[in-house]
Amino acid sequence: MIEPITLSKTDTALANSVFNTTLANEPATLILVIGDGSQSNDAVQKLTSFINSDDHFYNSVRVVQAPTIDFILDTLKGLKVSPRLDPIEWNAINSYVMFSITNVFNNIGNTVLASKYDNRSTYYIEKSIMLAMAYDQNLNQ
């Protein structure tokens, strides 16, 4: 069974180390779930269930939960963002429940606001994965 990666909620250095190692070494699309409330925990549980299903769509997806997003915020801000996304409201980071991060280039492929997630959670999860796959390209050019 593939378990979610949960970053430390008390140790900034450890959270950054695990997140950076995951970005560099995990050959998968990452779904970063923000927070550790009921909505975030539901997203992690749903994603873990999908990842461990027989559905090949989720074979190359991993879930990372950041209970304290402030610990990795500087790293997250340093990632390139898909040109199709609305600007990310970094000052209101806790209004998001999920970010998708591309496999090879570590671009932010999609964001999901907490206010929208509950309406169609599976849709937003699948859309985030597809957009991360679509924008896994060098955005420095």
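The following exercises, each with a worked solution, concern a predicted model.

Local features need a pLDDT of at least 70 and side-chain atom pairs count only at pLDDT 80 or more, while totals for chains, interfaces and linings use all residues. Residues are numbered from 1 along each chain as its sequence is written, and side-chain values use heavy atoms, with hydrogens and water left out.

**Exercise 1. The sheet**

Determine the order of the strands in the open sheet, and state which strands stand at its edges.

*Solution.* Helices (H or I, at least four residues) and strands (E, at least two) are DSSP runs, numbered from the N terminus. Two strands pair if DSSP finds at least two bridges between them.

Step 1. The five strands follow the order β1-β3-β2-β4-β5, with mixed pairing.

Step 2. The edges are occupied by β1 (5-6) and β5; each has a single partner strand, so one side of each is left without a neighbour in the sheet.

Step 3. Helix α5 packs on the sheet and touches β2, β3, β4 and β5. The direction of α5 makes about 160 degrees with that of β5; such angles run from 0 to 180 degrees between N-to-C directions, the axes being lines fitted to C-alpha atoms, for helices over the stretch in contact.

**Exercise 2. Strand β4 and its partners**

Identify the bridge partners of Leu32, Leu30 and Ser100, and describe the surroundings of β4.

*Solution.* Step 1. Strand β2 (residues 29-34) is joined to β4 by four bridges, and the two run antiparallel. Leu32 has Phe99 as its bridge partner in β4, and Leu30 has Ile101.

Step 2. On the way to strand β5 (residues 108-113), β4 makes five bridges, again antiparallel. Ser100 is matched with Asn110 in β5.

Step 3. β4 and β5 form a hairpin with six residues between them, and Asn106 in the turn has a positive phi of about 55 degrees.

Step 4. Strand β4 (residues 96-101) is mostly covered, since six of its six residues are buried; buried means under 20% relative accessible area, exposed over 50%, and partly exposed in between (1.4 Å probe, protein chains only).

**Exercise 3. Helix α2**

Check whether the length of helix α2 agrees with its number of residues, and list its buried residues.

*Solution.* Step 1. The expected span of a helix is 1.5 Å times one less than its number of residues. For the 14 residues of α2 (residues 38-51) this should give 20 Å, and the end C-alpha atoms are 20 Å apart, which agrees.

Step 2. Gln39, Ser40, Ala43, Val44, Leu47, Thr48, Phe50 and Ile51 are the buried residues of α2.

Step 3. Their cover includes β2, β3 (61-66), β4, α4 (114-117) and α5 (121-134).

**Exercise 4. Core and rings**

Name the residues that touch the most other members of the largest nonpolar core, and classify two aromatic pairs.

*Solution.* Step 1. A nonpolar core is a set of buried Ala, Val, Leu, Ile, Met, Phe, Trp, Tyr and Cys residues joined through side-chain atoms within 4.5 Å. Of the 23 residues in the largest one, Phe19, Leu32, Leu76 and Phe99 touch the most other members.

Step 2. A second, separate core of 17 residues includes Ile31, Ile51, Tyr58 and Met98.

Step 3. Rings of Phe, Tyr and Trp (its six-membered ring) pair if their centres lie within 6.5 Å; planes under 30 degrees apart count as stacked, over 60 as edge-to-face and the rest as tilted. The structure holds five aromatic pairs. Phe57 and Tyr58 are edge-to-face, at 5.1 Å centre to centre and 85 degrees between the planes.

Step 4. Trp90 and Phe99 have ring centres 6.2 Å apart and planes at 40 degrees, so this pair is tilted.

Conventions
Contact means heavy atoms within 4.5 Å.
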